[in-house]
Amino acid sequence: MGTFETFTDKAGEFRFRLKAGNGEVILKSEGYTTKAARDNGVASVRDNAPKDERYDRKQTAAGYSFNLKAANGQVIGTSEVYTSAQGRDGGIESVKKNAPNASVVEA
């Protein structure tokens with residue numbers, strides 16, 4: 001089962017990262033100015049993760065990645081960079097599987 005790990009970064013912004021059951025980070029958030037906004041971000045990831053149309057699949061010179069977007073088009077989570085499209089697509093499937101029922105822990 002996945003876990004949303006919440007934390008405050010060095011700049012004082014509130015963030016989360018979604019970890020798969022094996023502990024690997026599969027999605028990272030932007031920085032939020034309040035804990036409440038961050039918690040809304042977690043809820044939005046849970047709601048949007050199962051919907052394939054919410055994933056923006058990217059390919060750049062650096063590799064393959066994806067963004068998860070809310071219904072309004074705002075990015076709510078960003079992946080790592082993968083070396084293949086297959087790896088990126090596996091990351092998307094992992095987010096779909098882990099996000100909806102992931103627990104939340106403070107790091």
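Two residues are taken to be in contact when heavy atoms of theirs lie within 4.5 Å of each other. With that settled, the model, which is a predicted one, can be walked through from the loop residue Glu13 outward.

Glu13 sits in the loop that links strand 1 to strand 2. Apart from residues up to four places away in sequence, Glu13 touches Phe7, Thr8, Gly31 and Tyr32. Its relative accessible area comes to 28%, so Glu13 is partly exposed. The side chain of Glu13 also makes a polar contact with the side chain of Arg15, at 3.3 Å. As for helix 1, the C-alpha atoms of Glu13 and Ala43 are 18 Å apart, with their positions 30 residues apart along the chain.

Now for the overall layout. The protein holds two helices and seven strands, and these run along the sequence in the order β-β-β-α-β-β-β-α-β. A compact globule of 107 residues would be expected to have a radius of gyration near 13 Å, and the protein agrees with that, at 13 Å. Measured out along the principal axes, the C-alpha atoms fill a box of roughly 35 × 25 × 25 Å. Buried residues account for 40% of the 107. Of the contacts between residues at least 6 apart in sequence, 44% join residues at least 24 apart. The protein exposes about 5800 Å², and carbon and sulfur atoms supply 48% of that area.

Helix 1 covers residues 35-48. Its 14 residues reach 20 Å from first C-alpha to last, close to the 20 Å expected at 1.5 Å a residue. Arg38, Gly41, Val42, Ser44, Val45 and Asn48 are the buried residues here. Looking down the helix axis, these buried residues fall within an arc of 160 degrees, so they line one face of helix 1. Asn40 and Asp47, on the other side of the helix, are exposed. The buried residues pack against quite a list of strands: strand 1 (3-8), strand 2 (14-19), strand 3 (25-28), strand 5 (63-69), strand 6 (75-78) and strand 7 (103-106).

Helix 2 takes in residues 85-98, again 14 residues, with a reach of 20 Å between its end C-alpha atoms, close to the expected 20 Å. Its buried residues are Arg88, Gly91, Ile92, Ser94, Val95, Lys96 and Asn98. The cover over them includes strand 2, strand 3, strand 4 (55-60) and strand 5.

One residue of helix 2 to pick out is Lys96. With a relative accessibility of 19%, Lys96 counts as buried, because the cut-off for buried is under 20%. The Lys96 side chain makes a polar contact with the side chain of Asp52 at 2.8 Å, and there is another to the side chain of Glu93 at 3.3 Å. Leaving out neighbours within four places in sequence, Lys96 is in contact with Ala49, Pro50, Asp52 and Tyr55.

Back on the strands, Phe4 belongs to strand 1 and is buried, with a relative accessible area of 0%. Beyond residues up to four places away, Phe4 touches a long run of partners. In strand 2 these include Phe16, Arg17 and Leu18, while Val42, Val45 and Arg46 are partners from helix 1. Ala99, Ala102, Ser103, Val104 and Val105 are also among the residues touched by Phe4. Phe4 and Arg15, eleven residues apart in sequence, have C-alpha atoms 9.9 Å apart.

Phe16, one of those partners of Phe4, lies in strand 2. Phe16 is buried too, at a relative accessible area of 1%. The C-alpha atoms of Phe16 and Val105 are 9.5 Å apart, although 89 residues separate the two in sequence.

Phe16 also meets Ser29, a residue in the loop between strand 3 and helix 1. A polar atom of the Ser29 side chain lies 2.9 Å from the backbone nitrogen of Phe16. Despite its place in a loop, Ser29 counts as buried, at 9% relative accessibility. Neighbours within four places in sequence aside, Ser29 is in contact with Arg15, Phe16 and Ile76. Arg15 thus turns up twice, as a contact of Ser29 and as the polar partner of the Glu13 side chain.

Definitions and conventions:
Residues numbered from 1 in each chain as written. Predicted model: local features only at pLDDT ≥ 70, side-chain atom pairs only at ≥ 80, totals over all residues. Heavy atoms only, no water. Helix = DSSP H or I, 4+ residues; strand = E, 2+ residues; numbered from the N terminus. Expected span 1.5 Å × (residues − 1). Buried < 20%, exposed > 50% of the residue type's maximum accessible area, 1.4 Å probe, protein only. Arc of directions from axis to C-beta. Rg over C-alpha atoms; globule rule 2.2 N^0.38 Å. Areas by Shrake-Rupley, 256 points an atom, 1.4 Å probe, with all protein chains shown as cover. Polar contact = N/O pair within 3.5 Å; in protein donor to acceptor, adjacent residues only side chain to side chain.
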